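Trainee: I have a new structure open and I'd like to learn how to read it. Could we go through a few features together?

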Amino acid sequence: MDVDAVVLDIDGVLVDVADSYRRAIVESIEHVYGETIEKAAVQQFKDAGGFNNDWTLTDAAALWILARREDGGVGSVAEFTNAVAAHGGGLAGAEAVVESSLDSEAVRRVREEWDPERLRDVFQQLYLGTDLYEQLEGETPELDVEGFIHDEDVLISPATVEALTADWPVCVLTGRPSDEADIALDRVGLDVPDERRFTMDDWEEGKPNPRALVALAERTHADSVVFVGDTLDDIETALNAREADPQREYHAVGVLTGGLTGAAGRRKYREAGADHVLDIVNDLPDLLAGER
């Protein structure tokens, strides 16, 4: 594996988001609808695919809450997310499951109560906190909170940042909005030029669409790229890039510091086609050095 460029996800790779983004998912639904999913259930939605964007995951989980109130026809979270995966994943899959599980009147009631715009606004207030919400969103918040963003522990060490940036062009491919990506990158001490990063604001498709990963390979003039992520969508992104851009090599690496952990997480990565599974991103320099 003669790697010419390194591409990193942010959430679950560079910073721990268990008590920030994932907490915001759970508490946003609770705030708007008075009940919510367990934090552990977030990973079940992630594993269904198509939920790289935590706002859309929040919307889908809220749909499950509202649909379950009707007659329980959507089943448990596990049953619902399995059905979502069978319908292609993502929010479209979640909507399809609700449409096929409830009668038309129940679907109408669910859709009338479902409010993605309200969910997103509460999510951003909880995640950013009062000051950053006002600064980044340009509106006056209704909630007075410090913000979960301050609870993101750094996962990547300064030594790893130094080792990677010394030997390879380092890029970032993330579902975060640009401003929130800036905050995380500043926190971990990783300076990534604009041309070497894709955030939510830079492309509409989102992972696992391979367009951004292929573009980063082109911009770094790389013949071989390693992409490190914390979800099955990240692995699929690298695999899709292989099909879309067969003249280059794309290596898929999963880390066990996101929602996929332990032996079960390692197995899911392998089943999804990951080339390597690391305990933490700090193991990456040794992996690359050993295979150069």
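**Reading cavities, a bent helix and a buried proline**

Mentor: Sure! Keep in mind that this is a predicted model. Let's start inside: the residues lining the largest cavity are 6 nonpolar, 5 polar and 9 charged.

Trainee: How many cavities of 30 Å³ or more does a search of the whole structure find?

Mentor: Just 1 cavity of that size turns up. The space in the largest cavity comes to about 210 Å³.

Trainee: Which residues lie nearest the centre of the largest cavity?

Mentor: Of its 20 lining residues, look for D11, Y21, K46, N52 and D54 nearest the centre. Helices α1 and α3 each give at least two residues to that lining.

Trainee: And what is the volume of the largest pocket?

Mentor: A pocket is open, whereas from a cavity the probe cannot get out. Here the largest pocket has a volume of about 220 Å³. It has 16 lining residues, with N52, N53, E205, G206 and K207 nearest the centre. By class, that lining has 4 nonpolar, 9 polar and 3 charged residues.

Trainee: Now helices. How far apart are the end C-alpha atoms of α7?

Mentor: First the general idea: an α-helix has 3.6 residues a turn, so residues three or four places apart point the same way. Now take α7, residues 116–137: its 22 residues would reach 32 Å as a straight helix at 1.5 Å a residue, but its end C-alpha atoms are only 16 Å apart.

Trainee: Where is the kink in α7 centred?

Mentor: On G129, and the kink is about 115°. G129 is also one of the buried residues of α7, and so are L128 and T130 on either side. Others on that list include L119, V122, F123 and Y133.

Trainee: What do the buried residues of α7 pack against?

Mentor: Three helices: α1 (21–33), α3 (54–71) and α9 (178–188). Right after α7 comes G138, with a positive phi near 70°.

Trainee: Let me try a single residue. Is P285 buried or exposed?

Mentor: The cut-off helps here: buried means under 20% relative accessible area. P285 has 13% relative accessibility, so it counts as buried. You'll find P285 in helix α13, residues 284–291.

Trainee: Which residues does P285 touch, not counting those up to four places away in sequence?

Mentor: T160, A163 and L164. For a sense of distance, compare V77: its C-alpha atom is 38 Å from that of P285, and the two residues are 208 residues apart along the chain.

Notes
Residues are numbered from 1 along each chain as its sequence is written. This is a predicted model: local features need pLDDT of at least 70, side-chain atom pairs count only at pLDDT 80 or more; totals for chains, interfaces and linings use all residues. Side-chain values use heavy atoms; hydrogens and water are left out. Helices (H or I, at least four residues) and strands (E, at least two) are DSSP runs, numbered from the N terminus. The expected span of a helix is 1.5 Å times one less than its number of residues. The bend at a residue is the angle between axes fitted to the seven residues ending there and the seven starting there. Buried means under 20% relative accessible area, exposed over 50%, partly exposed in between (1.4 Å probe, protein chains only). Contact means heavy atoms within 4.5 Å. On a 1 Å grid over the protein atoms alone, a cavity is a set of points where a 1.4 Å probe fits but cannot get out, and a pocket is an open set with protein on both sides within 12 Å along at least five of seven lines; lining residues have an atom within 4 Å of a point. Grid points are joined across faces, edges and corners, and a volume is the space filled by probe spheres set on the points. Ala, Val, Leu, Ile, Met, Phe, Trp, Tyr, Cys and Pro count as nonpolar, Asp, Glu, Lys and Arg as charged, and the others, Gly among them, as polar.
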